[in-house]
Amino acid sequence: MMKNIRRKTCLFVILFCVMQLTAQNDASHLDSLHYEKILEFSHKNNDSLIFYGKELQKSTNKCYKADGYINEARGFYQRGSFKEAKRIIHLAILFFEDSSEICLQKRLVSAYRRLFYIYKNREDYGKALEYLLKQKKIIENLAVKDYYFYKNELQINLSLASLKEGLGFFEQALEILRTCKSMLYRVKGKKLSKEDARSIIFFEAHMFNLLGKTFISKYKHQQNESLLDSAEVYYNRSYSSIKVLPNSHTEPQYLIRRAKLSILRKEYKFALLYLNDFDKLKKKFPQYLHEVFYYKTIVYKEIKKHDSVIAYGKKYLKIFKENPSYNQQNLLHVYSNLTYSFSFLNQKGSALHYSNLAFAKYKELEDSKKMVSENLYTIELEALEKINEDLNFERNNNFFLNLIYAINILILLVVIIFIKKRNLKRKISKKKIYKKEIDEKLVNTILNKLKDFENTELYLSHQFTIDVLAKHLNINTTYVSKVINKHKHQTFSEYLSHLRIEYVIRKLEKDTSFSKYSIAAIGKEVGYKNASAFTRRFKEIMNVTPSEYINSKQLIKE
């Protein structure tokens with residue numbers, strides 16, 4: 001009898017263990033399935049991404065659970081619901097911030113990165129920097145310097161460049177992005193999984209986009225048309241590199257960037273075409289509507305369609321009210337544009353309302369030490385102040401003062417127009433040249449002159465610039481820039497770097513003594529002021545450092 005009881009008990013324990021093991025295997029399989037679905041929908045469908053993120057949060061595996069939170073937040077972020085994304089990320093951080101497990105530390109980096117972009121989009125640069133430094137600290141403390149380390153090192157540098165661009169440190173941003181190019185080539189050279197190779201394409205597209213954005217920001221300060229050419233080159237590269245992937249966000253982003261470029265070139269009809277093309281995508285991508293409405297207020301203000309400025313300004317504000325985490329600077333511009341349009345239509349009460357909102361937002365940004373950039377398409381701060389003063393004055397005065405107010409506004413508008421015309425007078429001929437298509441005969445002339453120039457050594461001077469080249473060719477700078485961009489498929493800076501590095505390669509082949517020079521001396525001979533700048537450019541083009549190249553040549557000869 002006792003024997004039978006023991007036997008049954010033993011069988012029961014075995015059966016229970018088998019059932020537990022089966023349940024664990026089933027749970028593990030389900031977790032893997034949910035994670036695969038997240039990878040599948042990460043750039044395709046935000047609703048599905050959010051759904052599978054929530055499903056993965058039910059996992060008993062802590063790392064999968066953390067992935068669930070991070071990807072649910074990602075779905076809301078990509079949808080444009082920044083407030084909800086931030087709430088979920090903070091929940092996730094509470095869950096695994098104190099853990100020392102490597103997998104959870106890596107998820108913490110992802111959580112901090114999402115918060116970085118949320119705060120940067122709000123132009124809260126102090127908070128953004130705080131979360132960037134937290135990422136950096138975790139990555140630097142990793143014992144293994146594997147693909148994950150190099151990938152995140154690249155991401156941190158891209159984020160830092162984005163921060164520098166936002167704060168107005170354009171040259172520093174460009175320098176960091178040049179370093180990112182070298183880092184990208186280093187990561188690309190490693191054996192990668194399909195998913196990692198896909199992520200590298202996104203990093204490359206993001207890097208090109210940041211380069212384009214930085215050149216645009218630089219243009220707003222320097223008003224040099226060739227900077228817009230450079231921006232266009234990099235925006236096109238970003239689009240070309242990522243359109244090979246099934247990333248449905250590519251099209252709306254590219255349309256908005258093209259519209260932005262057209263606005264800066266004052267090609268408002270083209271800008272409207274790009275913005276109106278978004279109409280067929282708006283149901284699928286409502287998260288971009290605020291940007292489209294924002295740029296439409298700019299276009300309609302410039303072409304004097306003030307009713308449309310007001311209509312799209314109000315649409316923008318409605319979306320902003322639902323999601324106050326959107327760009328604060330754009331909100332300031334919308335308030336300013338509405339002030340201008342209501343004032344132009346003599347709707348003084350509304351003009352005063354938006355004028356006060358504009359000033360409150362301006363002071364808020366200024367008080368928190370956030371950069372407010374100077375945009376060509378916003379009404380001047382001085383003009384806004386004058387309108388605001390006149391509107392407040394008018395409220396408390398009689399009809400006679402109303403008349404004075406109207407005259408003042410008219411005078412103010414005339415003064416603004418006069419100042420703008422005077423400031424743009426020197427650039428009129430240049431802009432006309434830019435907008436014209438260059439005659440094919442002239443293009444061929446420039447290309448032939450460039451070919452002759454390439455046989456000289458003028459480009460070896462460290463003082464060589466596009467202005468020096470244009471003077472040497474006896475051709476307008478804008479034409480030279482445009483032909484290099486279009487026919488050499490490079491910016492001037494890249495074109496110059498290729499000429500210099502090709503010169504070094506030729507001289508190393510012909511002159512054996514040249515390889516005995518120090519790297520700094522070789523760099524100085526071809527126009528670089530220090531060894532690090534030369535090494536960086538050389539590696540960008542040749543994918544190896546100058547020292548590695550020279551050593552490999554010597555080994556071949558031996």
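**Helix packing and aromatic contacts in a predicted all-helical model**

Arg107 is located in helix α5, which covers residues 102-121. The model described here is predicted. With a relative accessible area of 18%, Arg107 falls under the 20% limit and is therefore classed as buried. Leaving aside residues up to four places away in sequence, Arg107 is in contact with Cys63, Ala66, Asp67, Ile70 and Phe96. Between Arg107 and Glu97 the C-alpha to C-alpha distance is 9.3 Å, at a separation of 10 residues in sequence.

The chain as a whole contains 26 helices and zero strands. Of its 558 residues, 50% are buried. Among the contacts formed between residues at least 6 apart in sequence, 64% connect residues that are at least 24 apart.

Helix α15 (residues 328-344) was examined together with its partner α13. For the 17 residues of α15, a rise of 1.5 Å a residue predicts a span of 24 Å, and the end C-alpha atoms lie 25 Å apart, which agrees. The helix is mostly covered, as 16 of the 17 residues of α15 are buried. The axes of α13 and α15 are 10 Å apart and the two helices pack at an angle of about 35°; their crossing is left-handed. On the α13 side, the contact is formed by Tyr294, Thr297, Ile298 and Lys301, which meet Asn330, His333, Val334, Asn337 and Tyr340 of α15.

Aromatic rings form 24 pairs in the structure. In the pair of Phe293 and Tyr312, the ring centres are 5.7 Å apart and the planes stand at 45°, so the arrangement is tilted. This pair joins distant parts of the chain, since Phe293 belongs to helix α13 (residues 289-302) and Tyr312 to helix α14 (residues 306-322), with their positions 19 residues apart in sequence. Both partners are covered: Phe293 is buried at a relative accessible area of 11%, and Tyr312 also counts as buried, at 17% relative accessibility.

A stacked geometry is found for Phe453 and Phe464, because their planes are at 10° with ring centres 5.5 Å apart. Phe453 is part of helix α20 (residues 440-454), whereas Phe464 lies in the loop between α20 and α21 (466-473), so the pair ties together parts that are 11 residues apart in sequence. Phe453 and Phe464 are each buried. Elsewhere, Tyr294, Tyr295, Tyr316 and Phe320 are connected by ring pairs into a cluster; of these, Tyr294 also takes part in the contact between α13 and α15.

Basic side chains are also placed over aromatic rings. The charged end of Arg500 is positioned over the ring of Tyr528, at 5.2 Å from the ring centre. Lys127 likewise lies over the face of Tyr119, where the distance to the ring centre is 6.0 Å.

Backbone geometry was then considered. Most residues other than glycine have a negative phi. Asn346 is not a glycine, yet its phi is positive, about 65°. The residue follows α15 and is found in the loop between α15 and α16 (348-367). At 48% relative accessibility, Asn346 is counted as partly exposed, because this value lies between the 20% and 50% limits.

Lys266, likewise a residue other than glycine, has a positive phi near 65°. Its position is in the loop between α11 (250-264) and α12 (268-277). Lys266 has a relative accessible area of 29% and is thus partly exposed.

Asn543, just after helix α25, also takes a positive phi, of about 65°. Helix α25 itself comprises residues 531-542, and its 12 residues reach 16 Å from the first C-alpha to the last, close to the 16 Å expected at 1.5 Å a residue. The buried residues of α25 are Ala533, Phe534, Arg536, Arg537, Phe538 and Glu540.

Definitions and conventions. Residues numbered from 1 in each chain as written. Predicted model: local features only at pLDDT ≥ 70, side-chain atom pairs only at ≥ 80, totals over all residues. Heavy atoms only, no water. Helix = DSSP H or I, 4+ residues; strand = E, 2+ residues; numbered from the N terminus. Expected span 1.5 Å × (residues − 1). Buried < 20%, exposed > 50% of the residue type's maximum accessible area, 1.4 Å probe, protein only. Phe/Tyr/Trp six-rings, centres within 6.5 Å; stacked < 30°, edge-to-face > 60°. Lys NZ or Arg CZ within 6 Å of the ring centre and 35° of its normal. Axes fitted to C-alpha atoms, helices over the stretch in contact; angles between N-to-C directions. Left-handed = near helix turned anticlockwise from the far one by under 90°. Contact = heavy atoms within 4.5 Å.
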